[in-house]
Structures are given as C-alpha cells and as structure tokens.
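User: I am new to this structure and would be grateful for a close look at one part of its interior. Please explain how that part is built and what surrounds it.

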Amino acid sequence: MARLEWLASLGVSYASMEKDGILMPVISLKTEFKKPLFFGDEFQITVSLKRPPTATLEFVYHIVNQFGQKVCEGNTVLAFLSSEKNCPIRCPKFLLDLFYKTYAIYESPLCFGRVVRFSSLFSQSAAYLIRR
C-alpha cells in the first residue's frame, strides 16, 4: 500500500500503468521486526526510494507506532516489466521525468522519502497482519 501511495504522490496510478503494459512485480522483500503492534494501535509508515529508478525501484520502509517507537523496517525491490513481452524494461520516461521534477531540489537519495499516514481502520487491520 505504501509504495502505491508513493506513486500516487507523484500523480501516477499503478492501475493506469498496468493498462499501458507496465508491470512492477516485487522481486525482493526484507523485513526486520523490532517490536509488536497490537490491534487498535496506530502507526506511521515512511517510504523512501533508495536511489533514482533504473530497471528497478528499491523502497525503504520505516514504521513507528503512535509513541514514535520503531516497530519495523524493511525494503522491497520492484522490477519494471513489459506485460507484452514479459521481460524487464527500464523505468518509463514519464515516471523518470516525474521523479526528477519532484526530487530536483534534493541532493541526497535519503531525502526521497514520503510520509504515508493510513486511517486508523487500515491501521488496525494492518497491525493485525503485521503481528501474524
């Protein structure tokens, strides 16, 4: 969800990318749980892009609870694939242009982050899933 919010913050709909023949499957995932969340807890996810997009996107996630305590951190790597040819492709030019336009003022890749806040209903459901 957080990476879809990150794309939406750039004005990009993943659904429209799929219709245009661009897929972004997760090819790698790593999580490190620090402490549990409980049903009813609220949390905040910060999503950052580790480096400018190429044929892949690597997102870094930091999750903190309502007290600001680190709950979990991790990363995902997504590849750009052509749905027509079912093979890897470079990051689409429109997305690369949006990326550089949005982040042109930043010099460090650590500044690519977006804070994504979810409603408490989602927080409760996700907290339950994270606990499992």
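Analyst:
**Ala79 and the nonpolar core**

Ala79 touches Leu23, Met24, Pro25, Ile27, Ala55 and Thr56, leaving aside residues up to four places away in sequence. The model described here is a predicted one. Within it, Ala79 belongs to strand S5, which covers residues 70-79. Is Ala79 buried or exposed? Its relative accessible area is 11%, and because the cut-off for a buried residue is under 20%, Ala79 counts as buried. The chain also brings Pro53 into this picture: Pro53 and Ala79 are 26 residues apart along the chain, and their C-alpha atoms are separated by 9.7 Å.

Strand S5 also contributes to the largest nonpolar core, as one of the elements that give two or more residues to it; the others are H1, strand S3 (43-49), strand S4 (56-65) and helix H3 (93-103). This core has 24 residues, of which Trp6, Phe59, Phe80 and Leu95 touch the most other members.

Phe59 shows how such contacts are distributed. Apart from neighbours within four places in sequence, Phe59 is in contact with Arg3, Trp6, Val47, Ser48, Leu49, Gly74, Asn75, Thr76 and Leu78.

Trp6 leads to helix H1, which spans residues 2-9 and has Ala2, Trp6 and Leu7 buried. These three residues lie on the same side of H1, because they cover an arc of only 145° around the axis. In general, an α-helix has 3.6 residues a turn, so residues three or four places apart point the same way. Just after H1, Gly11 adopts a positive phi of about 85°.

Methods:
Residues are numbered from 1 along each chain as its sequence is written. This is a predicted model: local features need pLDDT of at least 70, side-chain atom pairs count only at pLDDT 80 or more; totals for chains, interfaces and linings use all residues. Side-chain values use heavy atoms; hydrogens and water are left out. Buried means under 20% relative accessible area, exposed over 50%, partly exposed in between (1.4 Å probe, protein chains only). Helices (H or I, at least four residues) and strands (E, at least two) are DSSP runs, numbered from the N terminus. The arc is that of the directions from the helix axis to the C-beta atoms. Contact means heavy atoms within 4.5 Å. A nonpolar core is a set of buried Ala, Val, Leu, Ile, Met, Phe, Trp, Tyr and Cys residues joined through side-chain atoms within 4.5 Å.
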